[in-house]
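The following paragraphs lead the reader through a model of two protein chains. The sequence and the structure are shown first, and the explanation follows.

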Amino acid sequence: MASTALPPDSHNVFAPTGSLTIGRAGSTQRELEALPDPIMIDLSGVERMDTVGAWLIHRTVRDRGARVVGAGPDTENLLRQVAEADHPTEVLPPPKGGAVAELGTWVVDAGRTMVGLLGFFGAVLVAFGAIIRRPRRLRGNAVVQRFDVVGVRALGIIGLMSFLIGIVIGQQGAVQLQQFGAEVYTINLIGRITVRELGPLMTAIMVAGRSGSAFAAQIGTMKITEEVDAMRTIGVSPVEALVVPRIIAAVLMMPLLAFWSMLMAILGGGLFCWVSLEIPPLTFVQRIAEVVPATDLWVGLIKAPVFGFIIALAGCFQGMLVANDAEQVGLKTTAAVVQSIFLVIVLDAVFAVFFSSIGWI
Amino acid sequence: MSIVLPEGETPIISVRGLENRFGDQIVHQDLDLDVRRGEILGVVGGSGTGKSVLMRSIIGLQTPTAGDIQVLGENMVGRTEDEAKNIRRRWGILFQNGALFSTLTVAENVEVPIREYFPFIKPPLLHEIAGYKIAMSGLPENAGSKYPAELSGGMRKRAGLARALALDPELLFLDEPTAGLDPIGAQAFDQLTLNLRERLDLTVFLITHDLDTLYAICDRVAVLADRKVIAVDTIDRLLQLDHPWIQEYFNGPRGRAAAAA
């Protein structure tokens, strides 16, 4: 509107009218870019300007030497404000090398985690040692409460899962064994595989998902809210107060849950055999007692507490690694579950070799 | 000591007959409050008098049991999401602990509202806008690429302020901005609030416990007690009221020290 008042020279005039705000940032930027140098910006028609509008003017002046005319005192003021705040800012932290660097970081991190886990294992042993010397330092209530959370409350889901797995093993086994006319060996299959392998293993996976993750999340949250630091300053050892009760609970509950899982899986398999293969329950139970050696039960029940220890150790360790922000709780909880299931399966393989070699086949 | 503005003056925030109850517990009852355009209004009250609940009601995070709330001339109670969106881009909110998105850097945090409402603004302009907002909030240049976890408490508040200012709001809500800051940091933050108000024509709704902040920057102070706003006025005129809580608050040893400063 006021462009007629400008001195007639060779400048290309940009004369916005109305409001020059963030809502018009896109079109303003395009219009400015379309104009060739030299530019003259006439602000006399602008009724309302915000910092984004001012910034667009400022960067044009800064980068292309545009002249500004017709700015009122408020506009001048705003232009000065954004000019003062003109500092280049990095949006993202500098990238860290390429794929090789990433692999290197990953290897170093993995190594540190394993060393850290070993160190944590040592700290737990020390805490156990201290408690054995002074048993009164064991937090009985905490342990009993963990029994409830880790053990009793897991009965339903582990029972249901095992029952269904028993049915699946029976059904799949029967289909294959029928081809040889040997359906009756379905009973051997159900009995031996659930007692020796699947009972403890499936229970361990369920406990890792249920309790290992909970341990990591609980301790991790306590780290963020500085509860763990508060404990330390009061003189309470976090390992004794938080880790030891969880480990005791997991170690004692795992064999019981694994036994429960074996029973439910055999029950499910028995039901399948009764309904589908017409093997009466009494015969099924008799056969189970004949074909499943006592050593199978021992194999299952010896593995279970070790798995429990590993799960609780990994869960608590990852929880203790949480620092800084809430996202870490999620990351470390995931890490706890992955790490404990991985370690459980590795140990299961070791156990399989070990028990075979001592003749418990 | 009228809580409600006289006829003819249009408030930027207007609350009428607000009632908030949680089960049996009544936090607000028949609460009225007006905020003038361009003022810095301090909101004070003892712990549990519902300062934060009041703010959450005004910004729509808490649906009141009863009452009318108008912000920037728009009704806030029972409005649709679309209408609310238009109001939301006209205000900025600084939560008590910054409430920064922890997976994003400071600069990305500032860019979130801009990307949401103005998706056509692309880098590098987007990054430049984030950059000057960060500088305006008094953060050092290298703060933009840091994650919230790497910042100190004071810097986190400034980063939260930068995000609150991202869309050039007309209205700024600050929930205890100086809590947890050292006196120098708190004073700097007060000064920053004042400067921004001057520069950007802001109206500021400020919840605080900090008597120094009240004396230093607030135009008027609203006192919450007995489930409502019992008075809104300058501190000098509040002191002439003989409400026991007001007297104790401003005439206690801390209140007198702040007044003398």
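How many residues of chain A are in contact with how many residues of chain B? In this predicted model, 24 residues of chain A are in contact with 27 residues of chain B. On the side of chain A that touches chain B, the elements giving two or more residues are helix 1 (25-34), helix 2, helix 3 and helix 12 (326-357) of chain A. Helix 2 of chain A supplies the largest share of that side, namely four residues. By character, the residues on this side of chain A comprise eleven nonpolar, seven polar and six charged. For the complex, the predictor gives an ipTM of 0.76 and a pTM of 0.69.

Chain A may be considered next. Twelve helices and five strands are present in chain A. Of its 361 residues, 36% count as buried. Among the contacts in chain A with a separation of 6 or more, 84% are accounted for by residues 24 or more positions apart.

Two of the helices that contribute to the side facing chain B also meet one another. The axes of helix 2 (residues 51-64) and helix 3 (residues 73-84) of chain A come within 9 Å and cross at roughly 75°. This angle makes helix 2 of chain A roughly perpendicular to helix 3 of chain A. From helix 2 of chain A, the residues A:Thr51, A:Ala54, A:Trp55, A:Ile57 and A:His58 take part in the meeting; from helix 3 of chain A come A:Leu78, A:Leu79, A:Val82 and A:Ala83. The residues of this contact divide into seven nonpolar, two polar and no charged.

The strands of chain A include three that are linked by parallel pairing. Strand 1 (residues 12-14) of chain A runs parallel to strand 3 (residues 39-42) of chain A, and three bridges join the two. One of the positions concerned is A:Val13, whose bridge partner in strand 3 of chain A is A:Met40. Strand 3 of chain A is also joined by three bridges to strand 5 (residues 67-69) of chain A, again in the parallel sense. Here A:Ile41 has A:Val68 in strand 5 of chain A as its bridge partner.

A single residue of chain A, A:Glu240, merits separate attention. A:Glu240 is found in helix 9 (residues 238-276) of chain A. Is A:Glu240 buried or exposed? A:Glu240 has 21 other C-beta atoms within 10 Å and is therefore buried, the cut-off for a buried residue being 20 or more. Leaving aside neighbours within four places in sequence, A:Glu240 is in contact with A:Ala127, A:Ala130, A:Ile131 and A:Arg137. A:Arg139 is 101 residues from A:Glu240 in sequence, yet the two lie 8.2 Å apart in space, C-alpha to C-alpha.

The account now turns to chain B. Chain B holds ten helices and ten strands, and 44% of its 261 residues count as buried. Of the contacts in chain B between residues at least 6 apart in sequence, 68% join residues at least 24 apart.

In which order do six strands of chain B form an open sheet? The order is 6-7-8-3-9-10, and the pairing is mixed. Strand 6 (91-94) and strand 10 (228-233) of chain B each have a single partner strand, so they stand at the edges and one side of each is left without a neighbour in the sheet. On average, neighbouring strands of this sheet are turned by 15° against each other, direction ignored.

At one edge, strand 6 of chain B pairs with strand 7 of chain B in the parallel sense over four bridges, and B:Ile93 stands opposite B:Phe173 in strand 7 of chain B. In a regular strand, side chains alternate between the two faces of the sheet. Strand 6 of chain B is covered on both faces, with B:Trp91 and B:Ile93 buried on one side and B:Gly92 and B:Leu94 buried on the other. At the other edge, five bridges join strand 10 of chain B to strand 9 (residues 220-225) of chain B, and these two strands run antiparallel. The bridge partner of B:Val221 in strand 10 of chain B is B:Asp233.

A helix accompanies this sheet. Helix 1 (residues 51-58) of chain B lies across strand 3 (40-45), strand 7 (171-175), strand 8 (203-207) and strand 9 of chain B, and runs at about 145° to strand 8 of chain B.

Finally, the confidence of the prediction may be noted. Chain B averages a pLDDT of 86, and 99% of the residues score at least 70. Among the elements of chain B, strand 8 of chain B has the highest mean pLDDT (91) and helix 2 (residues 81-88) of chain B the lowest (76).

Technical notes
Residues are numbered from 1 along each chain as its sequence is written. Chains are lettered from A and ligands numbered from 1 in the order in which they are written. This is a predicted model: local features need pLDDT of at least 70, side-chain atom pairs count only at pLDDT 80 or more; totals for chains, interfaces and linings use all residues. Axes are lines fitted to C-alpha atoms, for helices over the stretch in contact, and angles run from 0 to 180 degrees between N-to-C directions. Angles under 35 degrees count as roughly parallel, over 145 as roughly antiparallel, 65 to 115 as roughly perpendicular and the rest as oblique. Two residues are in contact if their C-beta atoms, placed from the backbone, lie within 7 Å. Ala, Val, Leu, Ile, Met, Phe, Trp, Tyr, Cys and Pro count as nonpolar, Asp, Glu, Lys and Arg as charged, and the others, Gly among them, as polar. A residue is buried if 20 or more other C-beta atoms lie within 10 Å of its own, exposed if 12 or fewer, and partly exposed in between; C-beta atoms are placed from the backbone. Two strands pair if DSSP finds at least two bridges between them. pLDDT is the predictor's confidence in each residue, from 0 to 100.
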